[in-house]
Amino acid sequence: MRFDCLKAEYLPEIAQIERESFATPWTEAMYAPDVEDENAIYAVGIDDGGEVICYGGFHKVLDEAHITNIAVRERDRGRGYGAALMSKLIELAKQSNIARMTLEVRDGNERAVGLYKSFGFSVEGIRKRYYENRFDALVMWLTIEEG
Ligand SMILES: CC(C)(COP(=O)(O)OP(=O)(O)OC[C@H]1O[C@@H](n2cnc3c(N)ncnc32)[C@H](O)[C@@H]1OP(=O)(O)O)[C@@H](O)C(=O)NCCC(=O)NCCS
């Protein structure tokens, strides 16, 4: 797998992975502004056949990285791609002089929470009924180490 930045040509596949991953998926139109936005930093994992395996990104807000979405296509989950993606996002954050990264994850999404904790993220807050006005979101933060 190689990583590329977010490009318009990837949006149909990303939208498909969104639909298989989330109850309220982002559409191509919702991702389109991030293609042009220099403060939106994405890593898109591409397989040998040129297809999108995974993607994730963040918006730079001063020295913080606000992660938008992270997903691996359904048939390739549990094979280490999520971890590779998170490593890449942290590397990109370091290159952007980011001090702290944050994300929201649905309470009960054990795989995602386990992944984030394994990279040093910790739960620092809860947004009640954040998803579909039903499910709580855990707010997780990571402090980026220097060097
Ligand atoms: C969450 C997601 C991105 C993880 O990617 P993945 O490729 O499946 O994860 P990996 O194979 O890289 O696993 C990485 C780590 O996740 C954790 N993990 C994986 N499966 C797990 C499980 N069933 N239970 C708990 N933790 C788990 C472990 O810490 C694992 O590290 P390990 O292999 O050293 O034990 C992916 O499953 C996905 O796209 N899910 C649907 C969308 C989603 O929920 N996105 C997150 C929204 S915030």
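How are H1 and H2 oriented to each other? In this predicted model, the axes of helix H1 (residues 11-21) and helix H2 (residues 28-36) come within 10 Å and cross at roughly 130 degrees. Angles from 115 to 145 degrees fall outside the roughly perpendicular and roughly antiparallel classes, and H1 and H2 are therefore oblique to each other. The crossing of these two helices is right-handed. On the H1 side, the meeting residues are Leu11, Pro12, Ile14 and Ala15, while H2 brings Glu28, Tyr31 and Ala32. Sorted by class, the residues of this contact comprise 6 nonpolar, no polar and 1 charged.

A good next stop is the ligand. Around the ligand there are 20 residues, and those that come nearest are Arg77, Gly82, Ala83, Gly114 and Leu115. Several elements take part in this shell: strand E4 (64-72), helix H3 (81-95), strand E5 (100-106) and helix H4 (110-118) each supply at least two residues. Among the contributors, H4 gives the most, with 6 residues. The shell is mixed in class, with 9 nonpolar, 7 polar and 4 charged residues.

Attention can now turn to a single residue, alanine 43, found in strand E2 (residues 40-46). Within 10 Å of alanine 43 lie 22 other C-beta atoms; because the cut-off for a buried residue is 20 or more, alanine 43 counts as buried. Its contacts, leaving aside neighbours within four places in sequence, are Phe3, Tyr55, Gly56, Gly57, Leu85, Lys88, Leu89 and Leu92. One of these partners, tyrosine 55, is 12 residues away from alanine 43 along the chain, yet the C-alpha atoms of the two are separated by 5.6 Å.

Two further residues deserve a look for their backbone angles. Leucine 62 has a phi near 55 degrees, a positive value in a residue other than glycine. This leucine lies in the loop between strand E3 (52-61) and E4. Leucine 62 counts as exposed because it has 7 C-beta neighbours inside 10 Å, and the exposed class takes in residues with 12 or fewer. Arginine 129, also not a glycine, has a positive phi near 50 degrees. Its setting is strand E6 (residues 122-131). Arginine 129 has 10 other C-beta atoms within 10 Å, so this residue is exposed.

How values were computed: Residues are numbered from 1 along each chain as its sequence is written. This is a predicted model: local features need pLDDT of at least 70, side-chain atom pairs count only at pLDDT 80 or more; totals for chains, interfaces and linings use all residues. A residue is near a molecule or strand if its C-beta atom, placed from the backbone, lies within 6 Å of it. Helices (H or I, at least four residues) and strands (E, at least two) are DSSP runs, numbered from the N terminus. Ala, Val, Leu, Ile, Met, Phe, Trp, Tyr, Cys and Pro count as nonpolar, Asp, Glu, Lys and Arg as charged, and the others, Gly among them, as polar. Two residues are in contact if their C-beta atoms, placed from the backbone, lie within 7 Å. Axes are lines fitted to C-alpha atoms, for helices over the stretch in contact, and angles run from 0 to 180 degrees between N-to-C directions. Angles under 35 degrees count as roughly parallel, over 145 as roughly antiparallel, 65 to 115 as roughly perpendicular and the rest as oblique. A crossing is left-handed if the near helix is turned anticlockwise from the far one by less than a right angle, and right-handed if clockwise.
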